[in-house]
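This report introduces a protein structure to a reader who has not met it before. It turns to strands, pockets and aromatic rings.

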Amino acid sequence: MKILSPKQKEYLSSTIRNVADFPKAGILFKDITTLLGDAKAFKFLIEHLYERYKDMNLDYIVGIESRGFIFGAALASKLGVGFVPARKPNKLPYTTISQKYSLEYGIDELQMHIDAFGNKPGANVLLIDDLIATGGTAKAACEMITKLGANLIELAFIIDINIGGIKELEGYGPIYVVLGD
């Protein structure tokens, strides 16, 4: 089950609520809380990701704040690997590295602990988040993973909202979108 069949994608998609005009007019928000609240669907998704990544010799999963934490931590636990949070500024208590990135309305930043990968050069890492939009946040996480000397094995997203983010991430590693084309 390295990729989902159209029927399996339809099943998972049916558990995600679309919210029109949120957080502003013209945006169709993909609300994954309904997928998370459906125990059968959430278990199915984590099982699928486990099957995809169980033989990739991962050492860590990096999840992007905040919904990437949910998928990343659940998958890391199932795989028996470490979980590393990529957080907004001033949320991590130890020495961090940071990476700024552009938003439609300004600049934001992500941070990770400098010893996130246990000072293990060449750690094999999977980056995961709930969705890919413009790619800025994921690109910042990729930059930090690279700066810390880890091998980015793959970038995984549950949803692609098709506004160019995938193109922004080309060159960082293979990209897998669970509910992609």
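In this predicted model, strand S8, which spans residues 151–160, is mostly covered, with 8 of its 10 residues buried. Strand S7 (residues 124–132) pairs with S8 in the parallel sense, and 8 bridges join the two. Within this pairing, aspartate 129 has phenylalanine 157 of S8 as its bridge partner. Together with helix H5 (residues 136–147), S7 and S8 form a β-α-β unit, and this unit is right-handed.

S8 also runs parallel to strand S9 (residues 175–177), to which it is joined by 3 bridges. Phenylalanine 157 appears here again, standing opposite valine 177 in S9.

**Pockets**

The volume of the largest pocket is about 930 Å³. Its lining consists of 31 residues, and those closest to the pocket centre are Arg67, Leu103, Leu131, Ala133 and Thr137. Strand S2 (28–31), strand S5 (96–103), S7 and H5 are the elements that each give two or more residues to this lining. The largest share, 4 residues, is that of S7.

The second largest pocket holds about 220 Å³ of space. Among the residues that line this pocket are Ile3, Lys9, Asp160, Asn162, Tyr176, Val177 and Asp181. S9 supplies the largest share of the lining of the second largest pocket, namely 3 residues.

The table sets out the classes of lining residues for the two pockets.

| Pocket | Nonpolar | Polar | Charged |
|---|---|---|---|
| Largest pocket | 16 residues | 6 residues | 9 residues |
| Second largest pocket | 7 residues | 2 residues | 3 residues |

**Aromatic pairs**

A pair of aromatic rings is described by two quantities, the distance of the centres and the angle of the planes. In the whole structure, a search finds 5 aromatic pairs. One of them is formed by tyrosine 11 and phenylalanine 44, whose ring centres lie 5.8 Å apart and whose planes stand at 75°; the pair is therefore edge-to-face, since planes over 60 degrees apart count as such. This pair links distant parts of the chain: tyrosine 11 belongs to helix H1 (residues 6–13) and phenylalanine 44 to helix H3 (residues 39–53), with their positions 33 residues apart in the numbering. Tyrosine 11 has a relative accessible area of 25% and is therefore partly exposed, because this class lies between the limits of 20% and 50%.

Key
Residues numbered from 1 in each chain as written. Predicted model: local features only at pLDDT ≥ 70, side-chain atom pairs only at ≥ 80, totals over all residues. Heavy atoms only, no water. Buried < 20%, exposed > 50% of the residue type's maximum accessible area, 1.4 Å probe, protein only. Pairing = 2+ DSSP bridges. Right-handed = clockwise from strand over helix to strand, strands pointing away. 1 Å grid on protein atoms, 1.4 Å probe; cavity = no way out; pocket = protein on both sides within 12 Å on 5 of 7 lines; lining within 4 Å. Points joined across faces, edges and corners; volume = space filled by probe spheres on them. Nonpolar A, V, L, I, M, F, W, Y, C, P; charged D, E, K, R; others polar. Phe/Tyr/Trp six-rings, centres within 6.5 Å; stacked < 30°, edge-to-face > 60°.
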